Amino acid sequence: MNKQAEKMGKIPFSAIRNVFSEVEKLRSEGKEIISLGIGEPDFGTPEHICEAMIEATRKGATRYTPNKGIPELREAIIKKLKNDNGVSYELEEIICTVGVAEGVFVALSAFLDPGDEVLVPDPSWLNYTHVPTLNQASPIYYPLLAEKDFQIDVEELEKKITDKTKILVVLDPSNPTGGVQRKESLEKVAEFVIKHDLLVISDEIYEKLIYDGNEHISIASLPGMRERTIILNGFAKAYAMTGWRLGYIAAPMELIPPMAKMHAYVLTNASSMVQWGGVRALEGPQDNVEEMVKEFKERRDFMVKAINEIEGLSCPTPGGAFYLFVDVEKTGMTGEEFSKFLLNNAGVAVIPGTAFGTRAVNEVRISYATSMENLEKAAARMKDSIEKLNI
Ligand code: PMP
């Protein structure tokens, strides 16, 4: 009996998850697969954060909390946003969420009516395509191009705007390109957004994973932007806390009520003890973050060099996140064909670019959030199997 809502037929299961299922299948057949597919740090959560969560649990942090989260966590988030991003918020302007994933759902669902349009980067993390569709709104792609250093191009945005456009999504640094927006690019975007009276959802989850002296700038900190920007950020990537499911929304008070309602009905509150771990993450020592970033940079440098030395492959050096966006066109394969080829011939899993939109047909995303040993092995296997193609 198929009684599913029509809208559910319009969204696929995640193409990233499909790669993982394939990896699991091959592993169960005894094949040794190196996964460069997953987007999560391979480090453990720092010990002091785990301790804070355990201690809080023992002390009774086992009950419902206020919908928006415990004041201690919201205060710590406010301090972080002021110090790191130069934007000031009040306690009631912060909502703690169950991962940034919940923040994405809540922020889009609270503002989208059927027929509305959202400008979404192509390529981008999948949720920004499918959550609008679930709300019977339309994701409208704007391109991020390697030849433009993945900067947002306002001319492209101008081509896509209609009287139905309500929200612009900015992912900075980006999944899957690793690109970081420069201040001049964001200033032009801000001008565009103000001119067309749009809301911005600014996903800043990778802000701490940034290299080569690049600087993360929150678009909310630019003149006239705080009042129209919803910042989404969280703990998963910076503190290696993907499984904890903790994030937050920061927005001006006028935008908060619909999101607070949606959050209260869907999740009630983020887990009580997990929020105490979040307090410690923000207020405790930050050297684990620095060490992790240093390690990621070494891996990035190794992998960018290794990829560009393989005939047929090329990728720019990304300024942030832990992804490489690799052009595979010269192998004669599309990204989808190439990722299948690599899985079956080299035992290396990567994600085809088309998992992230429509544009990146000839690209694949490689995550370097795995050990140097795995990266060395993966690069050697890729080189071998591609050399056999004799391109
Ligand atoms: N935003 C982006 C851009 C992401 O890449 C991801 C995870 N891959 C998320 C949000 C989800 O974050 P969380 O684990 O906090 O839900």
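This is a short walk through the ligand site, the empty spaces and a few unusual backbone spots of the structure above. Keep in mind as you look around that this is a predicted model.

Let's start at the ligand. The residues around the ligand are G99, V100, A101, W125, N175, D203, I205, Y206, A236, K237 and R245. Sorted by class, this shell holds six nonpolar, two polar and three charged residues. If you would like a secondary-structure landmark, look for helix α4, spanning residues 99-111, which gives the most to the shell, with three residues.

Now zoom in on the oxygen atoms of the ligand. At A101, the partner belongs to the backbone: a polar backbone atom lies 2.9 Å from a ligand oxygen. At N175, a polar side-chain atom takes this role, with 2.8 Å between this atom and an oxygen of the ligand. Y206 also uses its side chain, where an N or O atom is 2.8 Å from a ligand oxygen. Stepping back from these contacts, the ligand on its own has 400 Å² of accessible area, and the protein covers 92% of that area.

Where does the ligand sit in terms of the spaces in the protein? The space taken by the ligand is the largest pocket. This pocket has a volume of about 950 Å³, and its lining is made of 37 residues. To find the middle of the pocket, pick out R17, A101, W125, L126 and N127, the lining residues that lie nearest its centre. Three elements give two or more residues to the lining: α1 (15-28), α4 and α5 (127-134). Of the elements, α5 gives the most to this lining, with four residues, whereas α4 gives the most to the shell around the ligand. By class, the pocket lining contains 21 nonpolar, ten polar and six charged residues.

Besides the pocket, there is enclosed space to visit. Rolling a probe the size of a water molecule over the atoms shows where empty space is left. The structure has one cavity of 30 Å³ or more, and about 80 Å³ of space lies in the largest cavity. Its lining consists of K80, E204, I205, E207, K208, N233, G234, F235, A238, Y239, Y248 and L282. Six of these lining residues are nonpolar, two are polar and four are charged. You may recognise I205 here: this residue lines the largest cavity and is also among the residues around the ligand.

Finally, let's turn to the backbone. Most residues other than glycine have a negative phi, and most peptide bonds are trans. With that in mind, have a look at D122 and P123, which are joined by a cis peptide bond with omega of about 10°. P123 is placed in the loop between β3 (117-122) and α5. A cis peptide bond also joins N175 and P176, here with omega of about 20°. P176 belongs to the loop between β5 (165-171) and α7 (183-195). This second cis bond brings us back to the ligand, as N175 is the residue whose polar side-chain atom lies 2.8 Å from a ligand oxygen.

One last stop is Q136, found in the loop between α5 and β4 (138-143). Its phi is near 60°, a positive value in a residue other than glycine.

Methods. Residues are numbered from 1 along each chain as its sequence is written. This is a predicted model: local features need pLDDT of at least 70, side-chain atom pairs count only at pLDDT 80 or more; totals for chains, interfaces and linings use all residues. Side-chain values use heavy atoms; hydrogens and water are left out. A residue is near a molecule or strand if one of its heavy atoms lies within 4 Å of it. A polar contact is a pair of N or O atoms within 3.5 Å; within protein, one must be able to donate a hydrogen and the other to accept it, and residues adjacent in sequence count only if both atoms are side-chain atoms. Accessible areas come from the Shrake-Rupley method with a 1.4 Å probe; for residues, only the protein chains shown count as cover. On a 1 Å grid over the protein atoms alone, a cavity is a set of points where a 1.4 Å probe fits but cannot get out, and a pocket is an open set with protein on both sides within 12 Å along at least five of seven lines; lining residues have an atom within 4 Å of a point. A molecule sits in a cavity or pocket if more than half of its atoms lie within 2 Å of its grid points. Ala, Val, Leu, Ile, Met, Phe, Trp, Tyr, Cys and Pro count as nonpolar, Asp, Glu, Lys and Arg as charged, and the others, Gly among them, as polar. Grid points are joined across faces, edges and corners, and a volume is the space filled by probe spheres set on the points.
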